[in-house]
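This report concerns a predicted model. It treats an exposed position, the nonpolar cores, a helix and a surface patch in turn.

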Amino acid sequence: MKNARYYLQRCLALAKQAAEKGNSSVGAVVVKDAEIISEAEEAVKTKKDISCHAEMEAIRQAVKILNTNDLSACILYSTHEPCVMCSYAIRFYKISEVIYLNQSKYLGGVSSSMPLLITTEVPPGWNKPPIINHLREEN
């Protein structure tokens with residue numbers, strides 16, 4: 001049976017690919033019904049676009065593949081705590097759970113002074129905050 005570590009291993013493989021291309025070492029997958037719907041690696045440097053974080057890229061693909069703006073049946077896995085930008089997208093698209101490995105040093109959606117992933121001060125119509133699980137890499 002697939003568990004969080006299974007999906008996070010895929011994120012780590014994507015992060016390695018990103019780093020090999022000169023991007024930050026971040027990978028993300030979106031899962032629905034225990035199946036990976038979309039996956040992405042960080043592509044900010046290669047695409048010359050600051051919005052191409054792994055989480056944003058995976059969310060964009062999931063929205064397109066599922067043909068909906070409602071990802072409430074989905075879980076986002078990432079090697080890193082989503083930043084504020086990615087957190088906005090997570091909340092907007094109603095992703096129900098976020099599981100990540102590494103805490104963000106700056107502007108994390110949970111750990112910074114702008115905790116967009118966990119705040120209840122959001123626009124009308126947004127869902128409650130997603131379930132947040134910060135796991136640690138196993139040695």
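## An exposed lysine

Lys-64 has a relative accessible area of 71% and is therefore classed as exposed, the cut-off for that class being over 50%. This lysine belongs to helix H3. Its C-alpha is 26 Å from that of Leu-101, and the two residues are separated by 37 positions in sequence.

## Nonpolar cores

The largest nonpolar core comprises 22 residues, and the members touching the most others are Ile-59, Leu-71, Leu-76 and Ile-90. Two or more residues each come from strand E1 (27–32), H3, E3, H4 and E4. With six residues, H3 makes the greatest contribution to this core.

A second core, of nine residues, lies apart from the largest one; Leu-8, Leu-14, Val-31 and Ile-99 are among its members.

## Helix H4 and its surroundings

Helix H4 spans residues 84–92, and its buried residues are Cys-86, Ser-87, Ala-89, Ile-90 and Arg-91. These buried residues pack against helix H3 (54–66) and against strands E3 (74–80) and E4 (97–102).

When neighbours within four places in sequence are set aside, the contacts of Ile-90 are Ile-59, Leu-76, Pro-82, Ile-95, Val-98, Leu-117 and Pro-130. After H4 comes Lys-94, with a positive phi near 65°.

## A nonpolar surface patch

Three residues, Tyr-106, Leu-107 and Met-114, form a nonpolar patch on the surface, with a combined accessible area of about 350 Å². Leu-107 is located in the loop between E4 and strand E5 (131–134). Leu-107 counts as partly exposed because its relative accessibility is 47%.

Terms used
Residues numbered from 1 in each chain as written. Predicted model: local features only at pLDDT ≥ 70, side-chain atom pairs only at ≥ 80, totals over all residues. Heavy atoms only, no water. Buried < 20%, exposed > 50% of the residue type's maximum accessible area, 1.4 Å probe, protein only. Helix = DSSP H or I, 4+ residues; strand = E, 2+ residues; numbered from the N terminus. Contact = heavy atoms within 4.5 Å. Patch = residues over 30% accessible without salt bridge, like charges linked within 9 Å, V, L, I, M, F, W, Y side chains within 5 Å. Areas by Shrake-Rupley, 256 points an atom, 1.4 Å probe, with all protein chains shown as cover. Salt bridge = Lys/Arg side-chain N within 4 Å of Asp/Glu carboxyl O. Core = buried A, V, L, I, M, F, W, Y, C linked by side-chain atoms within 4.5 Å.
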